[in-house]
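Trainee: I'm new to this one. Could you walk me through how some of the labels are earned?

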Amino acid sequence: MGVGACRSDVGAVCPSFHVSGDEVHSTRGRARVLAEMLRGQSISDGWKSTEVCDALDMCLSCKACVSECPVNVDMATYKSEFLHYHYRRGVRGFFGKNRRPRAHFTMG
C-alpha cells in the first residue's frame with residue numbers, strides 16, 4: 001500500500017490525476033486523505049471535512065483505480081460512502097450546513 005503504482009503514465013490511470021498531475025488527485029493521495037481523516041491526525045472535522053470533500057471532488061468514479069492499484073483500492077466506493085456520511089441529515093436537518101448540491105439531486 002502506498003507504492004504509487006497508480007501514478008504511472010501508462011494504463012488506465014485515474015483521469016483526474018492524469019490531467020492535473022497533483023498527488024491529492026491520485027488514488028494514493030485520496031486514500032491518504034481518507035486515512036488521515038479516520039485517524040483524526042491532520043483533519044479534525046471527520047465526516048464533515050471540506051478537505052476530504054475537495055480531494056474526492058475530482059474523482060470521476062470511473063473505477064480505473066481498481067484495475068491499476070495492486071491492492072484494488074476502490075475509490076468510487078469510498079467516495080460514495082464518504083458523501084453519504086458527509087451529507088446525512090443528522091441533527092441539523094435537511095437545511096443544515098452540509099446540504100447536498102443541486103447537481104446531486106438532478107444527476108442522481
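Mentor: Sure, and keep in mind that this is a predicted model. Let's start with Asp54: its relative accessibility is 53%.

Trainee: Why does Asp54 count as exposed?

Mentor: Exposed means over 50% relative accessible area. Asp54 comes to 53%, so it counts as exposed. You'll find Asp54 in helix H3, which covers residues 50–57.

Trainee: What makes the surface patch with Asp54 negative?

Mentor: Look at the members: Asp45, Glu51, Asp54 and Asp57 form the patch. Asp and Glu count as negative, so the patch gets that label.

Trainee: Moving on to the loop, why is Ser61 called partly exposed?

Mentor: Partly exposed sits between the 20% and 50% cut-offs. Ser61 has 36% relative accessibility, so it lands in that class. Ser61 is in the loop between H3 and helix H4 (64–68). Its phi is positive, about 60 degrees, even though Ser61 isn't a glycine.

Trainee: And what makes Lys63 exposed, partly exposed or buried?

Mentor: With a relative accessible area of 42%, Lys63 is partly exposed, because that value falls between the cut-offs. Lys63 also lies in the loop between H3 and H4, and it too has a positive phi, about 65 degrees, without being a glycine.

Trainee: How many helices and strands are in the chain?

Mentor: Six helices and zero strands, so from the N terminus the order reads α-α-α-α-α-α.

Trainee: What share of the chain is buried?

Mentor: Of the 108 residues, 33% are buried, which means under 20% relative accessible area.

Conventions. Residues are numbered from 1 along each chain as its sequence is written. This is a predicted model: local features need pLDDT of at least 70, side-chain atom pairs count only at pLDDT 80 or more; totals for chains, interfaces and linings use all residues. Side-chain values use heavy atoms; hydrogens and water are left out. Patches are made of residues with over 30% relative accessible area and no salt bridge: like charges are joined within 9 Å, nonpolar side chains (Val, Leu, Ile, Met, Phe, Trp, Tyr) within 5 Å. Accessible areas come from the Shrake-Rupley method with a 1.4 Å probe; for residues, only the protein chains shown count as cover. A salt bridge is a side-chain nitrogen of Lys or Arg within 4 Å of a carboxyl oxygen of Asp or Glu. The place of a charge is taken as NZ of Lys, CZ of Arg, CG of Asp or CD of Glu. Helices (H or I, at least four residues) and strands (E, at least two) are DSSP runs, numbered from the N terminus. Buried means under 20% relative accessible area, exposed over 50%, partly exposed in between (1.4 Å probe, protein chains only).
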